[in-house]
Amino acid sequence: MIVPYRIYQILIAAPLLLAATILAALLTILLTSAGIRWASYYPAHWWARLFCWLNMVRVTVRGRENVDRNTSYVFVANHQGAFDIFAIYGFLGHDFKWMMKKSLRSIPLVGYSCYRAGHIFVDRTSPAAVRHTMATAERSLKGGASLVVFPEGARSKDGHMRPFKKGAYQLALEFRLPLVPVSINGAYDVMPRSSKLPVWGHITLTIHQPIPAPADEEGRSLAMEQTRETIKSVLPERYR
């Protein structure tokens, strides 16, 4: 079964997805340059859905009723694999900005479209660069956007959750934004970090109840632990 699937991926899915990637990036650049606000989200939203559909990856969302589409949040999710990005972008159902590695800015066309869409490139090379990142995040949040952050910082090597970093929680503290834990299950089976190609599968996004914004440094630490435990609570034992 895997051989016909790979043939389909190479001959049909890959060319279609390459064309869709170029089209989504160009639409984002052109429409955001024209001042059309929805263009910062919807071209990539439908591109991500297409990525899942053409690779035969089904996504189920639970708990979408827990969040208000008109409220700004800091969404924090575990990071099982590359398809986390497509699942969240395509199926979270909430306009947001990514906090992403600065190195992604150099991807031809796609990096610039992410810049035009207002996504935040995290630069930790110096204290001044970190302050610039925080200032960019502040502008996005003041504009009413939500953020999505993988507090592990990178994809898991074995599906298990890695330690969380404090950046997302510092933003929630500074800007008084509620945190929303999001559990991702199944993305490691679809495309682990060690794989170059995905396989068909099923990813489940569980959107949990928002956690109030931390009020101080102690609250930040408690929020980090609470969101981690909440995310972990619905994952299979082998991924906790």
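**Exercise 1. Decide whether glutamate 217 is buried, partly exposed or exposed, and find its salt-bridge partner.**

Step 1. Glutamate 217 has a relative accessibility of 44%, so it counts as partly exposed. The classes are buried (under 20% relative accessible area), exposed (over 50%) and partly exposed in between, with a 1.4 Å probe and protein chains only. The accessible areas come from the Shrake-Rupley method with that 1.4 Å probe, and for residues only the protein chains shown count as cover.

Step 2. This is a predicted model, in which local features need pLDDT of at least 70 and side-chain atom pairs count only at pLDDT 80 or more, while totals for chains, interfaces and linings use all residues. Residues are numbered from 1 along each chain as its sequence is written, and side-chain values use heavy atoms, with hydrogens and water left out.

Step 3. A salt bridge is a side-chain nitrogen of Lys or Arg within 4 Å of a carboxyl oxygen of Asp or Glu. Glutamate 217 forms one with arginine 220, at 3.0 Å from N to O.

Step 4. The two residues are three apart in helix α8, which means that about one helical turn separates them. Helices (H or I, at least four residues) and strands (E, at least two) are DSSP runs, numbered from the N terminus. Arginine 220 is buried, at 11% relative accessible area.

**Exercise 2. State how many salt bridges there are, and describe those of glutamate 229 and arginine 238.**

Step 1. The count is three salt bridges.

Step 2. Glutamate 229 meets lysine 232 at 3.2 Å, N to O. Both lie in helix α8, three residues apart, about one turn of the helix. Glutamate 229 is partly exposed, with a relative accessible area of 35%.

Step 3. Arginine 238 meets aspartate 189 at 3.6 Å, N to O. Arginine 238 lies in the segment after α8 (217-233) and aspartate 189 in helix α7, so this pair ties together parts that are 49 residues apart in sequence. Aspartate 189 is partly exposed, at 44% relative accessibility.

**Exercise 3. Find which strands pair with β7, and in which sense.**

Step 1. Two strands pair if DSSP finds at least two bridges between them.

Step 2. Strand β1 (residues 57-62) runs parallel to β7, and six bridges join them. Threonine 60 stands opposite threonine 204 in β7.

Step 3. Strand β6 (residues 179-185) pairs with β7 in the antiparallel sense over four bridges. Here asparagine 185 has threonine 204 as its bridge partner.

Step 4. Five of the seven residues of β7 are buried. In β6, isoleucine 184 is buried too, with a relative accessible area of 0%. Its C-alpha atom is 7.0 Å from that of aspartate 84, although the two residues are 100 apart along the chain.

**Exercise 4. Identify the surface patches that contain tryptophan 200 and Lys101.**

Step 1. Patch residues have over 30% relative accessible area and no salt bridge; like charges are joined within 9 Å, and nonpolar side chains (Val, Leu, Ile, Met, Phe, Trp, Tyr) within 5 Å.

Step 2. Tryptophan 200 lies in the loop between α7 (187-190) and β7 (201-207), and is partly exposed at 37%. Trp200 belongs to a nonpolar patch with about 1,000 Å² of accessible area together, whose members include Met1, Leu16 and Met56.

Step 3. Lysine 101 lies in strand β3 (residues 96-101) and is partly exposed, at 48% relative accessibility. Lys101 gathers with Arg124, Lys157, Lys165 and Arg193 in a patch of positive charge. Lys and Arg count as positive and Asp and Glu as negative, with His and the chain ends not counted; the place of a charge is NZ of Lys, CZ of Arg, CG of Asp or CD of Glu.
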